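Student: Could we go through this model together, beginning with the contact between its chains?

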Amino acid sequence: MALVMAVFSLYLMWKSAELPIGWIPGKGPGGGAFPFWLSLGMLACCVAIILRWIARASPPSRSTEPFMTPETFKWFLLVAGSLTAMIALIHVIGVYGAVPLFLIFYVRFLGRHSWTTAGALAICTPVATFFFFEIALKKTLPKGFTEPLFYPLYDIFL
Amino acid sequence: MEVFSLLVNGFFIAFEPLNLSLVIAGVVVGLFIGAMPGLGSVNGVAILLPMTFLVPPTSAVIFLAAIYYGAMYGGAISSIMLGIPGASTAVATTFDGRPLALKGMADKALVAAATASFVGGTISVVLFTLFALPMAEVALAFGPPETFALMVLAFSTFIGLGGDDIAKTLFSIFIGLVFSAVGLDIISGEPRLIFGGLTGFYHGINFLVLAIGIYGIGEMLWTIEVSRGDVLMSKATVSFRRIINCLKELRSSAKTMVLSSLLGYFVGILPAAGATPGSLMAYGVAKTMAKNPETFGKGNVDGVVAPEAANNAASTGSMLPMLTLGIPGSPTTAILLGGMVIWGLEPGPLVFVDHPDFVWGLIASLYVANVFALLINIGFIPAFIWVLKMPFTILAPIIFVLCVIGGYVPTQDMHDVWLMLIFGVVGYMMRKLDYPMAPAVLAIVLGPLAEPALRQSLIGSHGDVMIFFERPISGSIMAIAIILFALPLVKLVKARWKRAT
């Protein structure tokens with residue numbers, strides 16, 4: 001992780017250096033100075049973390065436990081994967097299509113609850129979301145290609 | 001007397017029907033969130049902040065502060081009933097709360113926790129009321145160098161008192177500050193750190209995206225990993241007579257309550273310390289001062305009273321620097337501070353001058369929230385126990401959905417939702433490797449305040465950094481910060497020297 005972050009710090013330094021990082025007479029520090037020197041600090045921390053890892057001076061470096069057991073990894077993949085799929089689907093079928101699918105997958109297949117529980121949640125959550133966000137807060141949520149289906153609802157409630 | 005009249009005005013605001021109902025709703029929501037294993041005030045406030053756009057800023061902050069308060073009360077419920085701390089702030093409550101529950105005295109522990117929380121909350125709100133105005137008046141004289149020195153002090157407390165790996169803590173602070181610099185440069189207006197040329201980065205990285213990512217998604221992934229084992233729920237019989245008896249027995253714990261409240265309040269003011277170390281310290285002090293320290297850990301009521309009084313007092317304490325100096329005293333107040341910026345209020349002492357209704361409405365609502373939290377907590381103990389039985393596989397997806405929608409609403413940009421997912425997953429992995437995450441959240445909130453303060457100071461001094469050390473107030477603050485930065489080094493040298501001799 002520290003190695004990845006060290007590379008990321010270098011990238012941040014390079015990116016910050018697109019703006020002046022030194023002193024501009026009359027204007028003070030350049031726009032890139034603040035992030036540049038902080039990224040340098042990040043890099044220094046990463047080097048320290050890597051050195052401590054090599055010297056086995058920190059608790060995680062001495063731990064013999066695996067970073068993730070196969071069981072944990074499986075769960076992590078399922079949960080993070082379904083979340084990613086839901087967010088990707090929001091672009092296509094919108095919140096009101098992706099959220100019920102995610103809830104059914106999680107509650108029915110990961111949680112092994114009954115179809116009734118999964119179905120009830122998959123219906124109630126989007127309905128509550130619609131009334132709270134779209135009607136009360138007037139914040140429209142992404143709907144993908146399902147957008148036209150909501151026009152009659154807007155006519156009724158807004 | 002000025003404080004008194006301002007407070008009375010504050011009570012008029014707190015008792016407005018909308019605000020009063022928000023206090024009650026916030027307390028109830030907070031109690032439930034606090035009672036859920038793995039979720040604490042910071043998660044609740046981060047996930048629910050985007051839902052407050054419906055009401056004016058004063059009502060919004062009152063609602064979120066009530067959640068903060070409620071969660072402090074609620075954390076004890078799962079600590080006692082399940083033996084799993086509802087939030088990190090209630091870790092110390094499990095030490096004696098759980099043994100009491102296993103002995104069949106769960107009601108005694110729950111009543112003790114609620115009463116101690118009430119005493120801790122009330123004492124700290126009174127202290128808060130007395131300290132707020134003088135502190136804000138001092139802070140009004142602050143210029144950019146003092147503001148920057150304060151930020152340095154806030155970060156130094158993480159190094160000196162945080163107790164985590166120093167390199168990782170510093171890394172967390174730096175990355176938070178760098179992320180806060182994404183977007184348009186505040187002085188030249190030029191775009192900077194626009195990764196991959198994505199237009200979503202032009203509006204900067206909203207602190208909420210990082211906060212919901214880490215405290216919503218990351219925390220849920222963490223909780224799913226650690227809470228898959230079976231938990232044993234204790235039984236609690238609750239009746240009015242038993243509650244009255246428990247309250248009578250609590251008279252002997254009055255001294256512990258008051259002492260722990262004072263300790264918690266002052267520890268809570270420090271940004272890195274907050275409610276968790278405050279409650280652990282209070283537990284330690286109560287045990288040291290007890291006549292029968294050997295009973296601690298086996299079901300001593302004082303072992304429940306001390307951490308609960310302290311964690312509530314600390315939550316109020318952490319609001320003092322937030323309101324008066326614009327520096328949050330805890331991750332939860334960091335999010336509240338970010339909320340103030342979204343609502344269009346400039347954090348810092350000027351809030352007391354420009355928006356007295358906001359400040360005093362909030363302070364008065366803390367008094368009100370305390371009373372309601374106590375009543376609702378004791379009255380609804382059976383309801384909380386019922387909710388604790390709710391399977392995590394139902395709660396988790398609902399929270400994920402709330403996170404995704406909450407991440408989208410402030411900017412209405414899907415770019416932020418993806419960023420939040422990345423922060424959540426990376427945050428979860430970093431947490432597994434012992435990287436502290438709270439400093440990063442604090443840094444992304446403080447970054448937009450720290451950078452202009454630094455640049456304005458340096459422009460004023462023509463690049464001379466001594467400006468931070470030569471002015472009396474900023475010089476003293478910097479001196480304390482340097483001492484805190486050096487503290488771990490001194491400890492290390494001392495330990496080596498001890499080993500050598």
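Tutor: The interface comes first, and a cavity follows. This is a predicted model, in which local features need pLDDT of at least 70 and side-chain atom pairs count only at pLDDT 80 or more, while totals for chains, interfaces and linings use all residues. Residues are numbered from 1 along each chain as written, chains are lettered from A, and side-chain values use heavy atoms, without hydrogens and water.

Student: How many residues of chain B are in contact with chain A?

Tutor: In chain B, 61 residues are in contact with 65 residues of chain A, contact meaning heavy atoms within 4.5 Å.

Student: And what area is buried there?

Tutor: About 5600 Å² is buried between the two chains, with carbon and sulfur atoms giving 83%. Buried area is the accessible area (1.4 Å probe) lost on putting two parts together, summed over both.

Student: Which residues form the salt bridge across the interface?

Tutor: Arg52(A) pairs with Asp165(B), their closest N and O atoms being 3.4 Å apart. The rule asks for a side-chain nitrogen of Lys or Arg within 4 Å of a carboxyl oxygen of Asp or Glu, and it finds one such bridge across this interface.

Student: Changing topic, what lines the second largest cavity?

Tutor: Its lining includes Ile90(A), Leu141(A), Val404(B) and Met414(B), and the volume is about 40 Å³, that being the space filled by probe spheres set on grid points joined across faces, edges and corners. A cavity is a set of points on a 1 Å grid over the protein atoms alone where a 1.4 Å probe fits but cannot get out; lining residues have an atom within 4 Å of a point.

Notes: 1 Å grid on protein atoms, 1.4 Å probe; cavity = no way out; pocket = protein on both sides within 12 Å on 5 of 7 lines; lining within 4 Å.
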